[in-house]
Amino acid sequence: MHSQVSVDSPPIAREKRTIRAMVEIFCRGHHAPRERGPSGEDLCPECRELLDYAWRRLDRCPFAPRKPTCARCPIHCYKPGMRERIRAVMRYAGPRMLLRHPILAVLHQLQRLTRPRPSVAPRRKAVRGGRE
């Protein structure tokens, strides 16, 4: 899962903090504490799976470190099912971010407004095994 140490660029590290905060807010609001993992795990297995998937997508983003917000990205790297799940998380957690994590919320909105939308995705070598 997240046991390996990775050195992320500051924008990617902030994106990871933001998505984690959003998934935590969603999980707390939608899943009973008994559904969450053992020994103090703060996410249920379903939300943990989604967070791990989102972080893998961020690790492989071809636009890093000048990554736009996902809504402004010209490519969609999420599988359709995962994309719907993350959209549900963002719809629920987005408005609540201003109260729980105001700095992350404001920085995310500033990024959305100030980063231009890339016109063409940069070319990358094909990843073996296809998309995740």
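Me: What share of the contacts in the chain with a separation of 6 or more comes from residues 24 or more positions apart?
Reply: That share is 72%. Keep in mind that this is a predicted model.

Me: What makes up the secondary structure of the chain?
Reply: You'll find four helices and zero strands. Going along the sequence, that reads as α-α-α-α.

Me: Why is α1 called roughly perpendicular to α3?
Reply: Look at the angle: α1 and α3 pack at about 100°, and their axes are 8 Å apart. Angles from 65 to 115 degrees count as roughly perpendicular, so α1 and α3 get that label.

Me: Which residues make that contact?
Reply: On the α1 side, they include Ile19, Met22, Phe26 and Gly29. On the α3 side, Ile86, Val89, Tyr92 and Met97 are among them. Sorted by class, the contact of α1 with α3 has 13 nonpolar, four polar and three charged residues.

Me: And what about α2 and α3, how do you know that they are roughly perpendicular?
Reply: Use the angle again. α2 and α3 pack at about 105°, with axes 11 Å apart. The range for roughly perpendicular is 65 to 115 degrees, and therefore α2 and α3 fit the description. Glu46, Glu49, Leu50 and Tyr53 of α2 meet Met82, Arg85, Ile86 and Val89 of α3. By class, that gives five nonpolar, no polar and three charged residues.

Me: Why is Trp55 called buried?
Reply: Buried means under 20% relative accessible area. Trp55 has 17%, so Trp55 is buried. You can spot Trp55 in helix α2. Its C-alpha atom is 6.4 Å from that of Lys16, although the two residues are 39 residues apart along the chain.

Me: Is Gly29 buried, partly exposed or exposed, and what makes it so?
Reply: Partly exposed, because its relative accessibility is 43%, which falls between the 20% limit for buried and the 50% limit for exposed. Gly29 sits in helix α1. The C-alpha atoms of Gly29 and Tyr92 are 8.7 Å apart, with these positions 63 residues apart in chain numbering.

Me: How many disulfides does the structure hold, and how do you know that Cys27 is in no disulfide?
Reply: The structure holds zero disulfides. For Cys27, the nearest cysteine sulfur belongs to Cys47 and is 3.7 Å away. A disulfide needs the two sulfur atoms within 2.5 Å, so that pair doesn't count.

Me: Are Cys27 and Cys77 buried or partly exposed?
Reply: Cys27 is buried, as its relative accessible area is 0%. Cys77 comes out at 26%, so Cys77 counts as partly exposed. The cut-off for buried is under 20%. Across the 132 residues of the chain, 33% count as buried.

Me: Which residues touch the most other members of the largest nonpolar core?
Reply: Those are Ile19, Val23, Cys47 and Met97, in a core of 25 residues. Each of α1, α2, α3 and α4 supplies at least two residues of this core, and α1 gives the most, with eight.

Me: What does Met97 touch, not counting residues up to four places away in sequence?
Reply: Met97 touches Thr18, Ala21, Met22, Ile25, Pro102, Leu104 and Ala105.

Technical notes
Residues are numbered from 1 along each chain as its sequence is written. This is a predicted model: local features need pLDDT of at least 70, side-chain atom pairs count only at pLDDT 80 or more; totals for chains, interfaces and linings use all residues. Side-chain values use heavy atoms; hydrogens and water are left out. A nonpolar core is a set of buried Ala, Val, Leu, Ile, Met, Phe, Trp, Tyr and Cys residues joined through side-chain atoms within 4.5 Å. Buried means under 20% relative accessible area, exposed over 50%, partly exposed in between (1.4 Å probe, protein chains only). Contact means heavy atoms within 4.5 Å. Axes are lines fitted to C-alpha atoms, for helices over the stretch in contact, and angles run from 0 to 180 degrees between N-to-C directions. Angles under 35 degrees count as roughly parallel, over 145 as roughly antiparallel, 65 to 115 as roughly perpendicular and the rest as oblique. Ala, Val, Leu, Ile, Met, Phe, Trp, Tyr, Cys and Pro count as nonpolar, Asp, Glu, Lys and Arg as charged, and the others, Gly among them, as polar.
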